[in-house]
Amino acid sequence: MDSDSAIVALGALAQATRLDVFRLLVRHEPTGMAAGEIARQLDVPQNTMSAHLGILARAGIVRSERHSRSIIYRADLDGLRTLMLFLVNDCCAGSPELCAPLVAELAPCC
């Protein structure tokens with residue numbers, strides 16, 4: 001990940017509805033949710049929800065897949081992990097051992 005990608009992802013989450021969408025999708029992992037159901041649960045018009053989902057998808061923190069006539073959205077936890085690792089990779093003023101527990105939790109095992 002580079003700085004531009006991180007800025008896009010953080011910018012996507014820096015809006016209340018999109019943050020709510022992402023948090024809702026995290027709670028519904030691994031099955032995901034249809035766009036209409038997300039809109040209903042968050043009381044957001046469907047056309048507005050489509051725009052929010054598009055921004056989150058382009059930012060790499062939400063992904064979608066078609067199931068028959070529905071599009072199911074899921075939180076992209078690998079994208080979030082990549083963003084978090086980018087943010088803490090050079091942390092702690094040259095004392096990486098201070099961040100080692102956090103980095104170990106974020107880094108994929110095996």
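**Figure 1. How much of the chain is tucked away from the surface?** Of the 110 residues in this chain, 33% count as buried. Keep in mind as you explore that you are looking at a predicted model. The chain holds 6 helices and 3 strands, and reading along the sequence gives the pattern α-α-β-α-α-β-β-α-α. Along its principal axes, the C-alpha trace spans about 50 × 30 × 20 Å. The accessible surface comes to about 6900 Å², with 55% of it belonging to carbon and sulfur atoms. The chain has 10 positive and 12 negative charges, and the mean positions of these two groups are 11 Å apart. Now look at contacts between residues at least 6 apart in sequence: 52% of them join residues at least 24 apart.

**Figure 2. Helices H2 and H3 pack against each other.** Find H2 at residues 16-27 and H3 at residues 35-42; their axes are 11 Å apart and meet at an angle of about 115 degrees. The crossing of H2 and H3 is right-handed. On the H2 side, the contact is made by Thr17, Asp20, Val21, Leu24 and Leu25. H3 contributes Ile38, Gln41 and Leu42.

**Figure 3. A cis peptide bond joins Glu29 and Pro30.** Zoom in on the link between these two residues, where omega is about 5 degrees. Where does Pro30 sit? Pro30 is in the loop between H2 and strand E1, which covers residues 33-34.

**Figure 4. Asp43 and Ser68 each have a positive phi.** What is the phi of Asp43, a residue that is not a glycine? The angle is about 55 degrees. Asp43 lies in the loop between H3 and helix H4, the latter running over 46-58. With a relative accessible area of 70%, Asp43 lies above the 50% cut-off and so counts as exposed. Ser68 is not a glycine either, and has a positive phi of about 60 degrees. You will find Ser68 in the loop between strand E2 (62-67) and strand E3 (70-75). Is Ser68 buried or exposed? Ser68 is exposed, because its relative accessible area of 68% is over 50%.

**Figure 5. Gln46 sits in helix H4.** Once you have found Gln46 in H4, look at how much of this residue is covered. Its relative accessible area is 47%, so Gln46 is described as partly exposed. Which residues does Gln46 contact, leaving aside neighbours within four places in sequence? The partners are Gly36, Ala39 and Arg40. For a view across the chain, follow the line from Gln46 to Leu102: these residues are 56 apart along the chain, and their C-alpha atoms are separated by 37 Å.

**Figure 6. Ala75 is a buried residue of strand E3.** Ala75 has its place in E3. Its relative accessibility is 1%, which is under the 20% cut-off, so Ala75 counts as buried. What surrounds Ala75, not counting residues up to four places away in sequence? Ala75 touches Phe22, Leu25, Val26, Glu29, Ile61 and Arg63. Some of these names should be familiar: Leu25 also takes part in the contact between H2 and H3, and Glu29 is joined to Pro30 by the cis peptide bond. To finish, locate Leu53, which is 22 residues from Ala75 in sequence and 10 Å away in space, C-alpha to C-alpha.

Terms used: Residues are numbered from 1 along each chain as its sequence is written. This is a predicted model: local features need pLDDT of at least 70, side-chain atom pairs count only at pLDDT 80 or more; totals for chains, interfaces and linings use all residues. Side-chain values use heavy atoms; hydrogens and water are left out. Helices (H or I, at least four residues) and strands (E, at least two) are DSSP runs, numbered from the N terminus. Buried means under 20% relative accessible area, exposed over 50%, partly exposed in between (1.4 Å probe, protein chains only). Contact means heavy atoms within 4.5 Å. Accessible areas come from the Shrake-Rupley method with a 1.4 Å probe; for residues, only the protein chains shown count as cover. Lys and Arg count as positive and Asp and Glu as negative; His and the chain ends are not counted. The place of a charge is taken as NZ of Lys, CZ of Arg, CG of Asp or CD of Glu. Axes are lines fitted to C-alpha atoms, for helices over the stretch in contact, and angles run from 0 to 180 degrees between N-to-C directions. A crossing is left-handed if the near helix is turned anticlockwise from the far one by less than a right angle, and right-handed if clockwise.
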